Amino acid sequence: MSSRRAADRGPVRRRSPVGPDREDALRLFVYGTLKRGESNHHYLQNSLFLGAAPTGGGSDLLDVGDFPGMVRRGRGCVQGELFEVSREVLAAVDELEDHPNTYWRTEVQLADRSRAASYLLIDE
């Protein structure tokens, strides 16, 4: 996790080629290296940032070296960011996350009770 403040991460993008009227737009909850200011955020650079968002509980982050992995166990919540992404961006992130081998893309519930796609670490 970066110690830089959110203000140091650059401007929040309010416009994107992926708009709410696009049928292929999906909500993606990210944590770790995909967050703004982190090493893999360039995968989402043209996606619409919707805001900071915690999960609804029942999940934790594991430290697996150079990157974290979210798992569905425990009582915690994971602090992350919510983006609106195209199916093309999702496919690129699937490849980055080695879905479905290392991470499994699934739907997670956020603290506001809405749902979004995200990646869970396959740790079994």
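**Figure 1. Asp98, the residue with a positive phi that follows helix H1.** In this predicted model, H1 gives way to Asp98, where phi is positive, near 55°. Asp98 is not a glycine, yet phi has this sign. The residue sits in the loop that leads from H1 to S6. Asp98 counts as partly exposed because its relative accessibility is 32%, a value between the 20% and 50% limits.

**Figure 2. The cis peptide bond between His99 and Pro100.** Stay in the loop for this view. His99 and Pro100 are joined by a cis peptide bond, with omega at about 10°. Pro100 belongs to the loop between helix H1 (87–96) and strand S6 (103–109). Asp98, with its positive phi of about 55°, is placed in the loop between H1 and S6 as well.

**Figure 3. Helix H1 and its two faces.** Which residues of H1 are buried? They are Val89, Leu90, Val93 and Asp94. These residues lie on the same side of H1, because the arc they cover around the axis is only 145°. As a reminder, an α-helix has 3.6 residues a turn, so residues three or four places apart point the same way. Turned away from the buried side is a face that carries the exposed residues Glu88 and Glu95. The cover over the buried residues of H1 includes S1, S5, S6 and S7.

**Figure 4. The largest nonpolar core, a set of 25 residues.** Within this core, Leu28, Phe29 and Leu44 are the residues that touch the most other members. Two or more residues come from each of strand S1 (26–30), strand S2 (48–54), strand S4 (68–71), strand S5 (79–85), H1, S6 and S7. Which element gives the most to this core? That is S7, with five residues.

**Figure 5. Leu44 and the residues it touches.** Here we zoom in on one of the core residues with the most contacts to other members, Leu44. Leaving aside residues up to four places away in sequence, Leu44 touches Leu28, Val30, Leu34, Phe83, Val85, Val89 and Val93. Among these partners, Val89 and Val93 also appear in Figure 3, as buried residues of H1.

**Figure 6. Arg113, a residue with a positive phi in the loop after S6.** Phi is positive at Arg113, at about 75°, although this residue is not a glycine. Arg113 is found in the loop between S6 and strand S7 (115–121). Is Arg113 buried or exposed? Arg113 is exposed, because its relative accessible area is 68%, over the 50% limit.

Definitions and conventions:
Residues are numbered from 1 along each chain as its sequence is written. This is a predicted model: local features need pLDDT of at least 70, side-chain atom pairs count only at pLDDT 80 or more; totals for chains, interfaces and linings use all residues. Side-chain values use heavy atoms; hydrogens and water are left out. Helices (H or I, at least four residues) and strands (E, at least two) are DSSP runs, numbered from the N terminus. Buried means under 20% relative accessible area, exposed over 50%, partly exposed in between (1.4 Å probe, protein chains only). A nonpolar core is a set of buried Ala, Val, Leu, Ile, Met, Phe, Trp, Tyr and Cys residues joined through side-chain atoms within 4.5 Å. Contact means heavy atoms within 4.5 Å. The arc is that of the directions from the helix axis to the C-beta atoms.
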